[in-house]
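Please open the structure in your viewer and keep the selection tool at hand. The tour moves from one selection to the next and says what can be found at each stop.

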Amino acid sequence: MFSRRQFRHALITVAAALGLLALGGLRATASPPGDLPHPFPSENWPLGPATRPFAPTTDVVKNLGSPVSSLTIMEGAVGRTPDGRDVVYAVPAGENARLNVVDLHSRELLRTVPLPGAAGGWAIVVVPNGDVYLGTYANAHLYRYSPVTGEVTDLGQPIPNQSQIYGLTADPEGNVYAGTYPNAHAFKYDATTGEVTDYGSLDPVQQYARSTVYDPDHNKLFVGVSTPNARLLRIDVATKAVEDITPPGTTAKDFIDLDYAGGKVFANASSRLVVVDAVTGEQVKYTDATTGQQVMDYPIAARGVSAAGPGGVYFTDNTLRLTHYDLDTNTVGPVTPARTLTRGASIGYGWVTENGVPVLYGLAGNYSGGTFRYNPADGTLAQWSSPFQYVPSPLMHELADASTGKVFVNVYLNGSTAIYDPATGKSAVTTRQGQVEGWAWDGHGKMYVGIYPYGRLSLWDPTQPDSATNPKELFSLVDSDHQNRPVSVVPDGDHVYVGTTPAYGEYGGALTVYDVPTGVHTVYRNLVADQTIASIVPDGNDVWLGSSIEGGQGTDPKATEAHLVKVDPATGQVLTDVVPVPGAASINELIDGPDGNVWGLADGIVFAVDPATGAVQRLLPVFSGATGSQDGALSWRDGYLYGVTGGRLFVLDILSGRSTILRDHGLNRLTQTPDGTYYTLLRPDGYINPTNLASYTPPVDPCPQSDVRPTVWTGNIDSHVQNRFLTYGCTLTDVLPSAKANWPSHSAYVAAVGVKVRQLEQDGSIEHWEGVLILVAAARSNVGK
């Protein structure tokens, strides 16, 4: 190892021998810090003066507003106002949600009432005195609306630390009952005293108390617990005793809707109507009117059944036919004459007396405000759209079109899709895809779209009209392979690679390989045991996969840290398995780097691995904190790595390893248009979900296609000086005279390097000893020879 004196002497000797002292006017006093080995590995060299390319201003992103307004209703209820109006109540999902009150006869929106802190509601019930109770998400509050005063009272969070209230039901005294997520509690709220009775967490594993119904004949509360195994519980309201009356042999994953009529409990058990005797707890066998056969279940596509009326209880079957269960004969079948709800499945009901005749009103479909009126006496059916208030939509995903510069935006839950045009600043609604978990262009103007629920992959051509084959569903994984959310979709040549989370209550995500020419798909599950496949990057004939410790919704993770695995997609064999960031919960993005490494993002730490071995090359922290499988995006821009994770927009200078947080909250996703502008989803301050589109325009890059090799090269010679960005976009190598220029002679090139070196020394960009090494390298190079 050289001492400082030996090192200085060696530099001076070499420089003098090459005539560089006179040429460059170099001082013979230069001395690099510390004893340095030879040849001089770049990682041992100190950086020059720290250069932050920019510092964040108060807000570097431009808020473009809400690109989509939509209507998403989970459930409705029919009531009557003090002035005699028959109305339907519903809560369109959206930030700072509002209760909507619509007149069923005049079909006008009478009132919207704010529900502070709520983003929507899965639970609504009208109690005997006409008050309306609402259970909301993601704050899990209970609200009471008084039609007399027109005001809402926030009753708070009945069960602490919950995020959802499900399945509100009422007793004759006006007390209400419901279930919760994520700890599967059931509770009673006393309307007179405000006292809450907690019946406890009803399952040690399953997180959803998804539905409830009160039995007024026996003072019992029935609760449906869901995913991964449906359970039906009966609670004695007086004693709080809990009894499991799940029908033997139940294979359903959930009881999502419970209703009571005629001494029977009606349950939607994974889209099959199951009937249970409220007293004995035994499953009831009934008659299918179409076939005359005795059955134990029947297709249902509805938010439960109606209250009892003429002809029994009503619902829609899987073809959206209006169907009834006759309580007197225990027979089920379509109404006569046949009637179909064209707006979608029934999601709320109520009986209204008109001219002494009970008539069934209800809502149909989640997205259009569909409303219907059915008169059992004469078999007539009327359908229309009620004027519920459209609201700014919570956003799920975004994707730029590299050919047009437009940005596709998808809506959470509702599944609507819109196209934002930066040229006009306006958005246009296009084909509803469903809730997009991951999507990507195929390179030919079409888009592969991964959709929740059902783990679907579709192929969509946005330039062509909608049809039975556009979008075209390529496969669905939920029934065959218990996969639910395609969070990573990566086309590559003749294949599309899809990473998925498992279904509700399940563990073990999957890699699905779709062969484009044949249309065949192959599923490899549990490549990383009990974990989701969250990110994918192809590597020749193999693929690298990043995992996330999460299982399906409704589960707690079994795994403790995310893995990076290299897989042969032809066989599903795991070739390499590494943990690049110990303890990280999720590797939620992978991307090829300009240095030939695979780069990734794990819980706020950027890492790089050697694709040949999986060996970790770099660990560069951006922030500290756990993230999920969909919380990460990376994008290269000429030596800078831009990313969004943990709500933050950051830029990482890969030469120095320094990161700059450009915005520290409220962001998700990242996509770039051809003009270099980045687009992201913005959650305005005080909101729960991102509802707005935002843009970020990076500084102009004065040195495009930068040389970002870690050390400075002069032609064919490595100077071993640490390369770095001197100003935004321009590296030390970039600003040196180009070795690729047509130099008249070698000495002309060396002289030009000498001039630039002196300038860089004078302005403090490089140290003197660095300039010496660069000049030595230039003199040794073959440039101009």
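Two strands are said to pair if DSSP finds at least two bridges between them. The model on your screen is a predicted one, and the first stop is a place where that definition applies.

**Stop one: strand E58 and its partners**

Select strand E57, residues 667-672, together with E58, and you will have a pair that runs in the antiparallel sense over four bridges. Within this pair, threonine 671 stands opposite tyrosine 679 in E58. Five residues lie between the two strands of this hairpin, and glycine 676 in the hairpin takes a positive phi near 95°.

Now add strand E59, residues 692-696, which pairs with E58 in the antiparallel sense over five bridges. Here the partner of leucine 682 is asparagine 692 in E59.

Is E58, at residues 678-682, enclosed or open? Five of its five residues are buried, so E58 is largely enclosed by the rest of the structure. The cover extends to both faces, with Tyr678, Thr680 and Leu682 buried on one side and Tyr679 and Leu681 buried on the other.

**Stop two: an open sheet of four strands**

Next, select the strands E49, E50, E51 and E52, which form an open sheet in the order E49-E50-E51-E52 with antiparallel pairing. Strand E49 (587-592) and strand E52 (616-621) stand at the edges with a single partner strand each, so one side of each has no neighbour in the sheet. On average, and with direction ignored, neighbouring strands of this sheet are turned by 20° against each other.

Inside the sheet, turn to strand E50 (residues 598-602) and strand E51 (residues 605-609), which pair in the antiparallel sense over five bridges. Glycine 600 is found opposite phenylalanine 607 in E51.

**Stop three: helices H5 and H6**

Select helix H5, residues 746-762, and helix H6, residues 768-780, whose axes come within 9 Å and cross at roughly 170°. Angles over 145 degrees count as roughly antiparallel, and H5 and H6 are therefore roughly antiparallel to each other. To show the contact, display His746, Tyr749, Val750, Val753, Gly754, Val757 and Glu761 of H5 with His768, Gly771, Ile774, Leu775, Ala778 and Ala779 of H6. Sorted by class, the contact of H5 with H6 has eight nonpolar, four polar and one charged residues.

Keep H6 selected for a moment longer: it has 13 residues and reaches 19 Å from its first C-alpha to its last, close to the 18 Å expected at 1.5 Å a residue. H6 is mostly covered, with 12 of its 13 residues buried. Among those buried residues are Trp769, Val772, Leu773 and Val776.

**Stop four: backbone details in the loops**

Most residues other than glycine have a negative phi, and most peptide bonds are trans. With that in mind, look at the loop between strand E16 (220-226) and strand E17 (231-236), where proline 228 lies. The peptide bond that leads from threonine 227 to proline 228 is cis, with omega near 5°. A second cis peptide bond runs from threonine 336 to proline 337, with omega near -5°, and proline 337 is placed in the loop between strand E27 (331-334) and E28.

Move next to asparagine 330, in the loop between strand E26 (322-326) and E27, which has a positive phi of about 55° although it is not a glycine. At 23% relative accessibility, asparagine 330 counts as partly exposed. Aspartate 638, in the loop between strand E53 (633-637) and strand E54 (640-645), also has a positive phi of about 55° although it is not a glycine.

**Stop five: two single residues and two distances**

Finally, select phenylalanine 315 in strand E25, residues 313-316. Is phenylalanine 315 buried or exposed? Its relative accessible area is 0%, so phenylalanine 315 is buried. From phenylalanine 315 to glycine 639 there are 324 residues in sequence and 59 Å in space, C-alpha to C-alpha.

Asparagine 355 sits in the loop between strand E28 (346-354) and strand E29 (357-364), and with a relative accessible area of 81% asparagine 355 is exposed. Asparagine 355 and alanine 503 lie 148 residues apart in sequence and 49 Å apart in space, C-alpha to C-alpha.

Note on methods
Residues are numbered from 1 along each chain as its sequence is written. This is a predicted model: local features need pLDDT of at least 70, side-chain atom pairs count only at pLDDT 80 or more; totals for chains, interfaces and linings use all residues. Side-chain values use heavy atoms; hydrogens and water are left out. Axes are lines fitted to C-alpha atoms, for helices over the stretch in contact, and angles run from 0 to 180 degrees between N-to-C directions. Angles under 35 degrees count as roughly parallel, over 145 as roughly antiparallel, 65 to 115 as roughly perpendicular and the rest as oblique. Contact means heavy atoms within 4.5 Å. Ala, Val, Leu, Ile, Met, Phe, Trp, Tyr, Cys and Pro count as nonpolar, Asp, Glu, Lys and Arg as charged, and the others, Gly among them, as polar. Buried means under 20% relative accessible area, exposed over 50%, partly exposed in between (1.4 Å probe, protein chains only). The expected span of a helix is 1.5 Å times one less than its number of residues.
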